[in-house]
Amino acid sequence: MLVGYVSDENYVALGDVLVDFERDGALASAVRSTARGAVFADVEPGPYKVTLSKTGFGSKSVLMEVTPGEPYQFRLLSDCLLGYVWPKWARSGERCEFRVHSVEPYRLSLWRYGRRKEFVKLLGWFDEHGPRAVMQITPDGDYTQTGARWNSIGYGSKHHTQFAAAPERSGLYYFHAKGERSGRFFSFPWVVAPAQPSARIAVLASTNTWNVYNNFGGRSNYVNPTGLPPTPTVNARQDLPRYAGGSFGAWQPPDELYKPLSFDRPEMGNHIPEDAEAEDPVEGRMTCGQAPAEWRLLAWLEREGFDYDFYAEAQLHDGTLDLDAYKILILSVHPEYWSRAMYTRVKEWVFERGGKAAVPGRQRAELRGGVSGGRRGAVFLAACEHRRRVAGDAQSGPSGGSVGEPDAPALRVRGEPDWDGDDRDGDHDGGAVQVPERGPLGVCGDGIAGRRPVRDPEPARAVPWGRVGARDGQAQRAHACRRGAAGEGDERGRGRGRDRGVRYAVGGRGVLGGVDQLRAVAAGGRAVVADHGERAVAVLAGRGGVRAGKRTGSARS
């Protein structure tokens, strides 16, 4: 009888797994899984204790029910070094639990990632007396919906807790885990918001995007978004609907079929190598649109002397982020997935209360779902990616509420093209601003390879980023992406002249641009005029308008 299937943390089939079935204290059957991960056993229906073992993976035992016609999904975790903090965001002083998976003792330390990596404290060496005692196991089935729930098996001692208090200073923090014997290294982020607002600028981490792109457990909004298939993957190009189902096959079902994605999972795309610095190019495709690129934005702000408070998108969603306490809100490199509450709060703040919004990434905020479950049980309910981008009409999301509006979102970049390269509605009215595809400190666009570059806005209002208030051409010294990384293929050979790849759009309400404009508004100044070679742009902080004029010389307020 087919009892079930066994797969790893990526929902890839595992063959030749040793599987023992015990019942009433006696061995009922001992079998091996097939190449497709199938487990066949000559056992009667009913409850069993099943033990699974395979070299290179953590062994475990589970209690399960053998039910004919209902294959059980066994899940194993590979021998590696991974970790995450839970919850992944906090305010200063709040405690969060670090959860690390290692098959050897490891050292854990906390660092702040700003202009430089700053050592905060050593959290300790972690080991136990038993063999592989700091190894985690994952739940069986589709735990992408419910969370990995590490530290829940064998971690009940009140005297051996794994908590850290959020530091007083807001910012992006990273835990550094390093194996004692192997030297393996893994880092994972922690968004620390202030206990009370302390700066004029708030920066919003794209934490929803981190989660929606995370396929740990076998699902993301791009791989198996409607749920795990009945059988594990053997060959992705042959088995996954994303590749085998035609163009955007994974995004064809109606929105109500898209399953939740728990934040309670480690995020490989947010790992930053131990020796990486803010000036280094961002290595990899996924990392270009996640926390490693966001670190470059924060490093740039600190290099230019801007104080800021850092928040997770969930903290905008639940109201922890008080927008009225700030003059400027900066969305980070890939603010793609927003809830209606996030959108409404920012729209009202910009259009009704004079707030300023800046978007240093090509991927704009769009209404694609919602956050549910509270701080310690959060999941993101993602709507259909493809139809959300192509269709502008209202569609119902998986939570039952509307996740789109007939009119385009107020926060989209003015003049940003759709997939056909045309302005979406031709009205050039957004409430945000586009910063360079090759930005400062190694940031390379939003991390989406193959996207069409943004078409130049109206010539009278388009200026190169490198000459908008960037002292001594600092922004122009940005590292280009390495070949194969996002943004590389888009710009080469397109005949854009000396400014190709560094376009900056201005216009509409709430728009900011350039170092000096940002500094003037943060300081409460009324206006700024920046030298950018051919034209000048004045940002009137009091009225939120934008004016184009002639060249005026060096920047002044």
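# Buried, bridged and in contact: reasoning through the model

Me: In this predicted model, the accessible surface of the protein chain comes to about 22,500 Å², of which 48% belongs to carbon and sulfur atoms. What share of the residues counts as buried, and what makes a residue count that way?

Reply: Of the 557 residues in the protein chain, 57% count as buried, and a residue earns that word because its relative accessible area is under 20%. The elements over which these residues are distributed include nine helices and 29 strands.

Me: How do you know that contacts in the protein chain join residues that lie apart in sequence?

Reply: When the contacts between residues at least 6 apart in sequence are taken, 68% of them turn out to join residues at least 24 apart.

Me: What makes a group of residues a nonpolar core, and which residues have the most contacts inside the largest one?

Reply: The members must be buried residues of the nonpolar kinds, joined through side-chain atoms within 4.5 Å; the largest set that satisfies this has 58 residues, and those with the most contacts inside it are Leu-108, Phe-175, Trp-190 and Val-203. Helix α4 gives this core its largest share, seven residues. A second core, separate from the first, holds 19 residues, among them Val-31, Val-43, Val-66 and Leu-76. In soluble globular proteins, nonpolar side chains tend to be buried together.

Me: Which residues does Val-203 touch, leaving aside residues up to four places away in sequence?

Reply: With those sequence neighbours set aside, the contacts of Val-203 include Leu-297, Leu-298 and Leu-301, as well as Tyr-308, Phe-310 and Ile-330.

Me: Why is Arg-296 said to have no salt bridge, and where does this residue lie?

Reply: Arg-296 belongs to helix α4, which covers residues 291-303, and is buried. The nearest side chain of opposite charge is that of Asp-280, at 5.3 Å, whereas a salt bridge requires a side-chain nitrogen within 4 Å of a carboxyl oxygen, so this pair does not qualify. The side chain of Arg-296 does, however, reach the backbone oxygen of Glu-277 at 3.4 Å, and because the cut-off for a polar contact is within 3.5 Å, that distance meets it.

Me: How do you know that Arg-132 and Asp-79 form a salt bridge, and what does the pair tie together?

Reply: Their side chains meet at 2.6 Å, N to O, and because the limit is within 4 Å, the pair counts as one of the 16 salt bridges found in the whole structure. Arg-132 lies in the loop between β12 and β13, and Asp-79 in the loop between β7 and β8, so the bridge ties together parts that are 53 residues apart in sequence. Arg-132 has a relative accessible area of 36% and Asp-79 one of 21%; since both values fall between 20% and 50%, both residues are called partly exposed.

Me: Why does the pair of Asp-142 and Arg-219 count as a salt bridge, and is Arg-219 buried or exposed?

Reply: The closest N and O atoms of this pair are 4.0 Å apart, and that value is accepted because the limit is within 4 Å. Asp-142 lies in the loop between β12 and β13 and Arg-219 in the loop between α1 and α2, so the parts they tie together are 77 residues apart in sequence. Arg-219, with a relative accessible area of 0%, is buried, because the threshold is under 20%.

Me: What makes the salt bridge between Lys-178 and Glu-274 a link between distant parts of the chain?

Reply: The closest N and O atoms are 3.2 Å apart, while Lys-178 in strand β14 and Glu-274 in the loop between β17 and α4 are 96 residues apart. Lys-178, at 31% relative accessibility, is partly exposed, and so is Glu-274, at 40%. Elsewhere, salt bridges with shared partners join Glu-97, Arg-99 and Asp-264 into one network.

Me: Why is Tyr-48 called buried, and which backbone oxygen does its side chain reach?

Reply: Tyr-48, found in strand β5, has a relative accessible area of 5%, and because this is under 20%, the residue is buried. Its side chain reaches the backbone oxygen of Glu-44 at 2.6 Å, and the residues that Tyr-48 touches include Phe-21, Val-43, Val-62 and Val-66.

Me: Is Glu-302 buried or exposed, and how do you know?

Reply: Glu-302, in helix α4, has a relative accessibility of 18%, which is under 20%, so the residue counts as buried. Beyond residues up to four places away in sequence, Glu-302 touches Arg-112, Gly-114, Arg-115, Arg-169 and Tyr-308.

Technical notes: Residues are numbered from 1 along each chain as its sequence is written. This is a predicted model: local features need pLDDT of at least 70, side-chain atom pairs count only at pLDDT 80 or more; totals for chains, interfaces and linings use all residues. Side-chain values use heavy atoms; hydrogens and water are left out. Helices (H or I, at least four residues) and strands (E, at least two) are DSSP runs, numbered from the N terminus. Buried means under 20% relative accessible area, exposed over 50%, partly exposed in between (1.4 Å probe, protein chains only). Lys and Arg count as positive and Asp and Glu as negative; His and the chain ends are not counted. A polar contact is a pair of N or O atoms within 3.5 Å; within protein, one must be able to donate a hydrogen and the other to accept it, and residues adjacent in sequence count only if both atoms are side-chain atoms. Contact means heavy atoms within 4.5 Å. Accessible areas come from the Shrake-Rupley method with a 1.4 Å probe; for residues, only the protein chains shown count as cover.
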